[in-house]
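The exercises below are meant to be worked with the sequence and the model open side by side. Each task is followed by a solution that proceeds step by step.

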Amino acid sequence: MNILVCMKQVQDNAVAPKLDPATGRVVTQGVETMVSPFDLNALEAGLKLAEEHGGEVSVLAMGDEESKITLRIGLSMGAEKAYLVSDPALEDSDPWATAYTLAKAISSIGTFDVILCGKQAIDDDAGQVGAGIAEQLGISQISYVNEIREATADSLTAKRVAPTGEEVVQAALPVLLTCEKSLNEPRYATLKRTRMANRMEIPVLDCAAIGADTAKVGKNSPSTVQKRYMPAPRQSGELLRGDAEEIGKLAVVKLVEQKVI
Ligand SMILES: Cc1cc2nc3c(=O)[nH]c(=O)nc-3n(C[C@H](O)[C@H](O)[C@H](O)COP(=O)(O)OP(=O)(O)OC[C@H]3O[C@@H](n4cnc5c(N)ncnc54)[C@H](O)[C@@H]3O)c2cc1C
């Protein structure tokens with residue numbers, strides 16, 4: 001079974017994001033990074049499928065050279081191959097352009113039975129890229145997967161979280177899954193694999209190498225961010241003191257004053 005996992009490097013979520021007032025962009029230079037957590041669940045699912053059914057796992061990221069850190073984490077957890085897509089033309093890519101580029105990269109790298117993504121990236125939270133890749137490749141997809149039930153030579157059955165409950169879906173291979181945190185517990189990297197991962201060469205593919213049309217990506221993406229800003233900090237609330245009856249009456253007066261009721 002040939003498996004590919006898309007892994008995105010994001011800013012460490014313990015660091016409060018800052019906006020550069022001059023450019024309106026999030027400041028990324030010098031900020032600690034991490035792998036978007038759902039992508040680790042995706043990788044764990046891919047490694048388990050390869051252990052149970054044979055085959056190998058490759059990891060793929062789109063980003064700058066720094067994203068090799070994420071790919072090396074993938075290699076140190078058990079992936080056999082890693083690919084970075086990087087090109088100045090990709091800067092300012094929206095989710096459609098990101099999905100288009102990753103789909104082009106996947107097609108140029110090889111053929112895969114199962115492609116795994118996180119359900120969303122924790123920095124931009126679009127939750128669109130996995131579905132977009134499946135659409136671009138013309139393959140089936142199962143989103144919000146929290147259990148993989150069965151994989152055969154030509155199909156995969158998974159349980160997914162739906163607003164109305166849970167669904168068990170069978171899809172023909174090749175299939176793309178977007179993964180929930182509850183799907184599994186990602187494994188730790190071993191020291192031996194970490195050493196090996198740090199020595200491995202990671203091929204860097206630009207738009208020309210994957211046959212991506214630069215007229216469709218980056219600044220030419222179908223959507224643009226018009227404005228990026230930090231919301232004004234919320235004012236602290238007012239603490240009402242007294243016995244329950246007094247507080248209740250006062251609360252009603254204040255809610256009427258504020259036109260809440
Ligand atoms: C108009 C516009 C301009 C933007 N400009 C920039 C920019 O200049 N620089 C910038 O860093 N971001 C930029 N972004 C954000 C960036 O393009 C988004 O990261 C991208 O659109 C994907 O959305 P998301 O991260 O929310 O992914 P989601 O759809 O939430 O991601 C779901 C899953 O898809 C996979 N995935 C997503 N992105 C990648 C990736 N890059 N590599 C590998 N796997 C991935 C992962 O498995 C992830 O868990 C821009 C967004 C918009 C709308």
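**Exercise 1. The ligand and its surroundings**

Find which protein atoms lie 2.8 Å and 2.9 Å from an oxygen atom of the ligand, and then describe the shell around the ligand.

Solution. Step one is the backbone: in this predicted model, a backbone N or O atom of Cys6 is 2.8 Å from a ligand oxygen atom, and a backbone N or O atom of Pro95 is placed 2.9 Å from an oxygen atom of the ligand. Step two turns to a side chain, where an N or O atom of Lys8 lies 2.4 Å from an oxygen atom of the ligand. Step three asks how far the ligand is enclosed: on its own it has 940 Å² of accessible area, and the protein covers 84% of that. Step four lists the neighbours, since 29 residues surround the ligand, with Lys8, Asp39, Ser93, Ala126 and Gly127 coming nearest. Finally, β4, α3 and β6 each contribute at least two residues to this shell.

**Exercise 2. The sheet and strand β6**

Establish the strand order of the open sheet, and then decide whether the residues of β6 are buried or exposed.

Solution. Begin with the order, which for this open sheet of nine strands reads β9-β8-β7-β10-β6-β1-β4-β5-β11, with mixed pairing. The edges are β9 (165-172) and β11 (204-205), each of which pairs on one side only.

Next, take the two neighbours of β6 in turn. Strand β1 (residues 3-6) runs parallel to β6 and is joined to it by three bridges, with Ile3 having Val114 as its bridge partner. Strand β10 (residues 175-179) also pairs with β6 in the parallel sense, over five bridges, and here Thr178 is the residue opposite Cys117.

Now consider the side chains: Val114, Leu116 and Gly118 point one way from β6, while Ile115 and Cys117 point the other way, and all are buried. Because five of the five residues of β6 (residues 114-118) are buried, the strand is largely enclosed by the rest of the structure.

For a further pair in the sheet, β4 and β5 are parallel and share five bridges, with Met62 standing opposite Val85 of β5.

**Exercise 3. Helix α3**

Check whether the end-to-end distance of α3 agrees or disagrees with its expected span, and identify what covers its buried residues.

Solution. The helix comprises 15 residues (residues 95-109), so at 1.5 Å a residue it should span 21 Å, and the 21 Å between its end C-alpha atoms agrees with this. At the N-terminal end, Asp94 acts as a cap, with a side-chain oxygen 3.1 Å from the backbone nitrogen of Trp96. The buried residues of α3 are Ala97, Thr98, Ala99, Tyr100, Thr101, Leu102, Ala103, Ala105 and Ile106. Their cover includes the strands β1, β4 (57-62), β5 (81-85) and β6, together with the helices α4 (129-137) and α6 (207-210).

**Exercise 4. Three buried residues**

For Gln9, Glu44 and Gly78, explain why each counts as buried, and state which residues each one touches beyond four places in sequence.

Solution. The cut-off needed here is that a residue is buried when its relative accessible area is under 20%.

- Gln9 belongs to strand β2 (residues 9-11), and with 13% relative accessibility it counts as buried. Its side chain reaches the backbone oxygen of Glu66 at 3.0 Å, and a polar contact of 2.8 Å links the side chains of Gln9 and Thr70. Beyond four places in sequence, Gln9 touches Thr33, Met34, Glu66, Ser67, Ile69 and Thr70.
- Glu44 is located in helix α1 (residues 37-53), and its relative accessible area of 3% makes it buried. The residues that Glu44 touches beyond four places in sequence are Asn184, Glu185, Pro186 and Arg187.
- Gly78 sits in the loop between α2 (68-77) and β5, and at 15% relative accessibility it is counted as buried. Gly78 touches Leu47 and Arg193 beyond four places in sequence, and its C-alpha atom is 9.6 Å from that of Tyr188, although the two residues are 110 apart in sequence.

How values were computed
Residues are numbered from 1 along each chain as its sequence is written. This is a predicted model: local features need pLDDT of at least 70, side-chain atom pairs count only at pLDDT 80 or more; totals for chains, interfaces and linings use all residues. Side-chain values use heavy atoms; hydrogens and water are left out. Buried means under 20% relative accessible area, exposed over 50%, partly exposed in between (1.4 Å probe, protein chains only). Helices (H or I, at least four residues) and strands (E, at least two) are DSSP runs, numbered from the N terminus. Two strands pair if DSSP finds at least two bridges between them. The expected span of a helix is 1.5 Å times one less than its number of residues. Contact means heavy atoms within 4.5 Å. A polar contact is a pair of N or O atoms within 3.5 Å; within protein, one must be able to donate a hydrogen and the other to accept it, and residues adjacent in sequence count only if both atoms are side-chain atoms. A residue is near a molecule or strand if one of its heavy atoms lies within 4 Å of it. Accessible areas come from the Shrake-Rupley method with a 1.4 Å probe; for residues, only the protein chains shown count as cover.
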